[in-house]
Amino acid sequence: MAPDAKRPARLAGMAGIGVDRMGALADATGRRDILRFENLDTDVPPPDVAMRITGEAARSDEDNSYLPFVGQLELRRVVARHVGRLAGVTYDENQVLISAGGLSGILNVLLALVDTGDEVVLTDPTYSGLLNRVRLAGGVPRLVPLLPGQDGWTLDRDALRKSVSKRTRMLLLMSPAMPSGAVLTGEDWRAVAAVADAADAALLYDAAMERILYDGRTPIHPASIDGLAPRTITVGAASKELRMIGWRVGWIVAPAAFIPDLALVNLSNVVVPVGIAQRAVAAALELPDDVGGAVAEWERRRDALLTELDGLPVVRPAGGWSMLLHTAALGLSGADASKRLFDQAGVAATPMDGWGERHGSGWLRFVFANESVDRIRGCGARIREALGAS
């Protein structure tokens, strides 16, 4: 029997993320002069205390364990305090599950709450890995456009209101959004609250980057908005804000009524998160000023890249690690622009095919978190030349 003869329906509509292909191309050259704008990485190191504790945990029998299945108590207590401070809601350790990274946590929430054919509202563009996880869970993505403008991206609240149907089960939203860097305002979240109430839908909040904000912005956690706390499930991770990508630790924080099913799926999927990583994440989350220093460096890199791309149809991100170039405005697909930049300019950047309907194939993503300001400076001229925009 051919491998695709009975391809499961849940794989329909799923597309690759493109990042793996671009990363493999760049790696294969062996060149260090290629600008690596293709992958959501950063070279800003994790906190020293996290690396020290990880080394200790690797020699600890207690950390080299399956137990507890829901995550270590110390980390769950720290996460409850962390999310509670941002949300203005009191959570305890019994409302926290530790997952094997944030995206694993998101998939587990979708598997626990979304039935086949249920609709999940997301923004356009959205990381294709999130869209794929909705489909893996049997859900149907419904995309609400983000609108590009001179000052950045804004949510189309009218389209959001019209996105609701009898099949709407969940809204899956991220702020700052990936890959656009759009940040939802208080008015946006109040519109989300009204839509969620009308549809009796849950809100799955991807909080992976919520403190990576620029230009003096401060986080707005949706559970702080009237009516949203009972509906909001927060999924966070150590990968972005704490730069602990290889630790693979995330968390799910939810109202108590959701926890039994979430715990069942969490256990049935990956079983347990990485034991030797959890105490390190707990210590890093308790540091008072660590994230601010990293954000200041990423903001410098964002500003350097914006300067280099000045005059090109790029949209200013309000947060996060990446920004988008509207290649269709230059007469190019994202894939064509990506190839030109790689072949002619020594720049690896990922096309947005599969990342949106309106903002998909005609866009190109630049991740600025993994290149220093010194390496970013001067790239604009060769980018323009490769794109025929000089």
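These legends describe close-up views of one predicted model.

The model is predicted, so local features need pLDDT of at least 70 and side-chain atom pairs count only at pLDDT 80 or more, while totals for chains, interfaces and linings use all residues. Residues are numbered from 1 along each chain as its sequence is written, and side-chain values use heavy atoms, with hydrogens and water left out.

**View 1. An open sheet of 8 strands has mixed pairing.**
The strand order is 2-9-8-7-6-3-4-5. Strands are DSSP runs of E with at least two residues, helices are runs of H or I with at least four, and both are numbered from the N terminus. Two strands pair if DSSP finds at least two bridges between them. Strand 2 (96–99) and strand 5 stand at the edges. Each has a single partner strand, so one side of each is left without a neighbour in the sheet. From one strand to the next, the twist averages 25°. Strand 2 and strand 9 run antiparallel, joined by 4 bridges. Ser99 has Gly250 in strand 9 as its bridge partner.

**View 2. Helix 4 and helix 7 lie across strands.**
Helix 4 (residues 102–113) lies across several strands, including strand 2, strand 3 (119–124) and strand 8. Helix 4 runs at about 155° to strand 8. Helix 7 (residues 186–199) lies across strand 5, strand 6 and strand 7. The angle between helix 7 and strand 6 is about 165°. Axes are lines fitted to C-alpha atoms, for helices over the stretch in contact, and angles run from 0 to 180 degrees between N-to-C directions.

**View 3. Glu241 sits in a loop and is buried.**
The loop runs between strand 8 (232–237) and strand 9 (250–253). Glu241 has 3% relative accessibility, so Glu241 counts as buried. Buried means under 20% relative accessible area, exposed over 50%, and partly exposed in between (1.4 Å probe, protein chains only). The Glu241 side chain reaches the backbone nitrogen of Glu210 at 3.2 Å. Beyond its neighbours within four places in sequence, Glu241 is in contact (heavy atoms within 4.5 Å) with residues including Ala207, Arg211, Asp290 and Trp298.

**View 4. Aromatic rings pair across the chain.**
Rings of Phe, Tyr and Trp (its six-membered ring) pair if their centres lie within 6.5 Å; planes under 30 degrees apart count as stacked, over 60 as edge-to-face and the rest as tilted. The count comes to 6 aromatic pairs. One of them, Phe37 with Phe366, is edge-to-face, at 5.7 Å centre to centre and 65° between the planes. Phe37 lies in the loop between strand 1 (35–36) and helix 2 (48–57), and Phe366 in strand 14 (residues 363–367), so this pair ties together parts 329 residues apart in sequence. Phe37 is buried, with a relative accessible area of 0%. Phe366 is buried, at 0% relative accessibility. Trp153 and Trp363 have ring centres 5.3 Å apart and planes at 45°, so this pair is tilted. Trp153 in strand 5 (residues 152–155) and Trp363 in strand 14 are 210 residues apart. Trp153 and Trp363 are buried.

**View 5. Helix 13 has a buried face.**
Helix 13 (residues 379–387) has buried residues, among them Cys379, Ile383 and Leu387. Seen down the axis of helix 13, the buried residues fall within an arc of 165°, so they line one face. The arc is that of the directions from the helix axis to the C-beta atoms. Exposed Ala381 and Glu385 are on the face turned away from the buried side. Gly388, just after helix 13, takes a positive phi of about 70°.

Key. Polar contact = N/O pair within 3.5 Å; in protein donor to acceptor, adjacent residues only side chain to side chain.
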